[in-house]
Amino acid sequence: FSLANQLRRSSKSVCANIAEGFAKQNYSAAEFARFLAIAEGSVIEVQVWLQYAYDLEYIQRDQFLQWEDDCTAIKSMLYKLRMSL
């Protein structure tokens with residue numbers, strides 16, 4: 001249950017940091033970029049928890065690979081957005 005909770009919290013953190021940074025972009029592009037970088041870090045945290053879940057055999061290989069691909073795509077989008085600022 002603790003692992004599932006950590007996954008939920010870190011995945012929600014991605015969205016929350018994007019939203020908070022977006023709200024602050026009118027004040028500073030650098031602040032928005034900082035929150036996007038924090039969101040990228042949260043995606044990496046999700047990947048760590050997914051790896052644990054897979055290693056502990058809580059999720060199947062196919063599910064792990066799909067979620068890992070999703071995380072990679074999200075990280076790429078966040079990076080590109082941050083670099084465009």
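What follows is a friendly exchange between a trainee and a mentor about this predicted model.

Mentor: Residues are numbered from 1 along each chain as its sequence is written. In this predicted model, local features need pLDDT of at least 70 and side-chain atom pairs count only at pLDDT 80 or more, while totals for chains, interfaces and linings use all residues; side-chain values use heavy atoms, with hydrogens and water left out.

Trainee: Happy to start! Which pattern does the protein follow when read along the sequence?

Mentor: Helices (H or I, at least four residues) and strands (E, at least two) are DSSP runs, numbered from the N terminus. The protein has three helices and zero strands. Read along the sequence, the pattern is therefore α-α-α.

Trainee: How far apart are the end C-alpha atoms of H1?

Mentor: The expected span of a helix is 1.5 Å times one less than its number of residues. For the 23 residues of H1 that gives 33 Å. The model agrees with this, as the end C-alpha atoms of H1 are 32 Å apart.

Trainee: And what is the end-to-end C-alpha distance in H3?

Mentor: H3 has 24 residues, and at 1.5 Å a residue they should span 34 Å. Here too the expectation and the model agree, with the end C-alpha atoms at 35 Å.

Trainee: Which helices do the buried residues of H1 pack against?

Mentor: Let's fix the terms: buried means under 20% relative accessible area, exposed over 50%, and partly exposed in between (1.4 Å probe, protein chains only). In H1 the buried residues are Leu 3, Gln 6, Leu 7, Ser 10, Val 14, Asn 17 and Gly 21. With contact meaning heavy atoms within 4.5 Å, these buried residues pack against H2 and H3.

Trainee: Asn 17 caught my eye. Which residues does Asn 17 touch, not counting residues up to four places away in sequence?

Mentor: Asn 17 has its place in helix H1. At 11% relative accessibility, Asn 17 counts as buried. Leaving out residues up to four places away in sequence, Asn 17 touches Phe 35, Ile 38, Ala 39 and Ser 42.

Trainee: What do the buried residues of H3 pack against?

Mentor: The buried residues in H3 are Phe 64, Cys 71 and Leu 78. They pack against H1 and H2.

Trainee: On to the rings. Is the pair of Phe 22 and Phe 32 stacked or edge-to-face?

Mentor: Rings of Phe, Tyr and Trp (its six-membered ring) pair if their centres lie within 6.5 Å; planes under 30 degrees apart count as stacked, over 60 as edge-to-face and the rest as tilted. The structure holds three aromatic pairs. Phe 22 and Phe 32 lie 6.2 Å centre to centre with 75° between the planes, so the pair is edge-to-face.

Trainee: Why does that pair tie together parts that are ten residues apart in sequence?

Mentor: Phe 22, exposed at 52% relative accessibility, and Phe 32, buried at 5%, make up the pair. The pair ties those parts together because Phe 22 lies in helix H1 (residues 2–24) and Phe 32 in helix H2 (residues 29–55).

Trainee: What angle separates the planes of Tyr 54 and Phe 64?

Mentor: Tyr 54 lies in helix H2 and Phe 64 in helix H3 (residues 61–84), so this pair also ties together parts ten residues apart in sequence. Tyr 54 is partly exposed at 24%, whereas Phe 64 is buried at 8%. The two rings are stacked, 4.8 Å centre to centre, and the angle between the planes is 15°.

Trainee: Which element gives the largest share of the lining of the largest pocket?

Mentor: On a 1 Å grid over the protein atoms alone, a pocket is an open set of points where a 1.4 Å probe fits, with protein on both sides within 12 Å along at least five of seven lines; lining residues have an atom within 4 Å of a point. The largest pocket has a volume of about 150 Å³, the space filled by probe spheres set on the points, which are joined across faces, edges and corners. Its lining includes Val 14, Val 43, Trp 67 and Cys 71, and H1, H2 and H3 each give two or more residues. The largest share, four residues, comes from H3.

Trainee: One last backbone point: what is the phi of Glu 57?

Mentor: Glu 57 has its place in the loop between H2 and H3 and counts as exposed at 68% relative accessibility. Although Glu 57 is not a glycine, its phi is positive, at about 65°.
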